[in-house]
Amino acid sequence: MKSRSTYLDASAKIFIIDDSYYNLDILSTILTESGYNVVAEMNSEIAFDQIIKCYPDLIILDVVMPKIDGFKLCEVLHLEPKTKDIPIIFMTALTDIEQKVKGLNLGAVDYITKPFQKEEILARIQVHLRIRQLNLELEEQKQQLEQRVQARTAELSQALENLKQTQLQLVQAEKISLIGQLVAGVAHEVNNPIGFIATNLYHAKNYVEDLVHLVQLYQHHFPQPGASIEKQIEEMDLQHVLEDLPKLVSSMKLGTDSVRGIMQSLRTFSRADGDTKKAVNIHEGLETTLMILQHRLKAKPNRSAIKVIKKYANLPLIKCYSGQLNQVFMNLLANAIDALEDSLMNRDQEAKNLQIHVCTSLDQERVIIQIADNGMGIPESKQNEIFQPFFTTKAEGKGTGLGLSICQQIIREQHGGTLECVSSPGEGTEFLITIPL
Ligand SMILES: Nc1ncnc2c1ncn2[C@@H]1O[C@H](COP(=O)(O)OP(=O)(O)OP(=O)(O)O)[C@@H](O)[C@H]1O
Ligand SMILES: [Mg+2]
């Protein structure tokens, strides 16, 4: 809105309408001599258009005029948004109380009486121009205030939104760290008894072998041990037991070795990072994560197993926060599995060869880790949005939409690397991590 307050008093524009040339002349002269910018009009029929055009600061209106009288014109001016706030002063005969009251009721701010009293007219006009000026300033301030309130409200809602997101990310990070602690605790507790069983199995295997050997020697030297022993030998199928027992012990040993491996992986996976980076083997992280996800990769009643094809380069140890990197691998691999499972909904389930490629490589100054699936891909329109916190296409309760935004944060902010996505809808998706050496 233009600021009019600066010129209002000095050279205010006053529009006078009166069908009497005599009155018009007197009033114009008084006002012009006092420095006002006067526009005079005798024809009330064209006055309205002129007022719109020249937008005066004050209007002085005669009451009695042919065709459109002052009251009518006042009504019309009050209905028009452009002119409704311009103050209107009526001119009436000194004695006509009724006209004065009607004019004021129609929204006029004041009246002046004929014959004109110069001092009184100037005083009244000055008062109303001043009020008009104050009103304009007030309006301007009101608008500025509204704008500021709007801007502030927008800032506050943005701040609130940011706060909500940070809070959720913190909750998510806290949950992950708690799960990590829990897993580490369980792995630690299981590790002792498993170690105990494994060590004892080693001795048990030797004892069993000795015992088997001893029984065989007995059989050799005492081929006829007597009826009750022979009966027992037959009932228990001694030959089978002697053959099976060492195998059984060996497979128990295999089983405990495997449980120990799993526990070791869990401990590696949930290792707390501390606040400094440590040099680690990235492949170990990938392998543990794949192992933890094993149950999701296996064949299901409705689909074949997901085949993981690995292509590992010869990598040096990489300085990083390995717990956080494992979290990234976990998110990307879990997303790939979800995408593969979703892709089955639209395709021939038997024919589909579900695959995840995990590939590492090295160029001069960075490590590159690629995780690609041949799932349903991401529509081009969504590719920009997937890294936004809370963007998810998954059912409620299944995805929070935080996975990729957390990955992005870990790779970019914590490791100074990049995380990019290349996807062909219908064919698959590849995520490409680079970490500077
Ligand atoms: N490999 C992929 N193939 C197809 N779409 C993907 C793939 N990875 C991510 N997306 C899309 O990106 C969205 C966001 O992924 P993100 O990991 O951030 O959240 P989410 O998996 O939906 O939920 P959360 O990981 O929090 O449980 C997914 O909902 C999915 O639409
Ligand atoms: Mg996810």
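This report covers the overall build of a predicted model, then strand S1 and helix H3.

## Overall dimensions

The chain has 437 residues. Its secondary structure comprises 12 helices and 12 strands.

The radius of gyration is 46 Å, whereas a compact globule of 437 residues would have one near 22 Å. The C-alpha trace spans about 155 × 45 × 40 Å along its principal axes.

## Surface and contacts

Buried residues account for 36% of the chain. The exposed area comes to about 25800 Å². Carbon and sulfur atoms supply 56% of that area.

Take the contacts with a separation of 6 or more. Of these, 68% join residues 24 or more positions apart.

## Strand S1 and its partners

Strand S1 covers residues 13-17. Is S1 mostly covered or mostly open? It is mostly covered, with 4 of its 5 residues buried.

S1 pairs with strand S2, residues 37-41, in the parallel sense. The pairing runs over 5 bridges. Within S2, Val-38 is the bridge partner of Ile-14. S1 also pairs with strand S3, residues 58-62. That pairing is parallel too, over 4 bridges. Here Ile-16 stands opposite Ile-60 of S3.

## The β-α-β unit

Which helix joins S1 and S2 in a β-α-β unit? Helix H2, residues 21-33, does. The unit made by S1, H2 and S2 is right-handed.

## Helix H3: two sides

Helix H3 covers residues 44-54. Its buried residues are Ser-44, Ala-47, Phe-48, Ile-51 and Cys-54. Seen down the axis of H3, these residues fall within an arc of 150°, so they line one face of the helix. The general geometry fits this pattern: an α-helix has 3.6 residues a turn, so residues three or four places apart point the same way.

What does the other face carry? Asp-49 and Lys-53 are exposed on the face of H3 turned away from its buried side.

## What H3 packs against

The buried residues of H3 pack against strands S1, S2 and S3. They also pack against helix H4, residues 70-79. S1 thus appears twice in this picture: the strand pairs with S2 and S3, and it meets the buried residues of H3.

Conventions:
Residues are numbered from 1 along each chain as its sequence is written. Chains are lettered from A and ligands numbered from 1 in the order in which they are written. This is a predicted model: local features need pLDDT of at least 70, side-chain atom pairs count only at pLDDT 80 or more; totals for chains, interfaces and linings use all residues. Side-chain values use heavy atoms; hydrogens and water are left out. Buried means under 20% relative accessible area, exposed over 50%, partly exposed in between (1.4 Å probe, protein chains only). Helices (H or I, at least four residues) and strands (E, at least two) are DSSP runs, numbered from the N terminus. Two strands pair if DSSP finds at least two bridges between them. A crossover is right-handed if, with the strands pointing away from the viewer, the path from the first strand over the helix to the second runs clockwise. The radius of gyration is taken over C-alpha atoms; the globule rule is 2.2 Å times the number of residues to the power 0.38. Contact means heavy atoms within 4.5 Å. Accessible areas come from the Shrake-Rupley method with a 1.4 Å probe; for residues, only the protein chains shown count as cover. The arc is that of the directions from the helix axis to the C-beta atoms.
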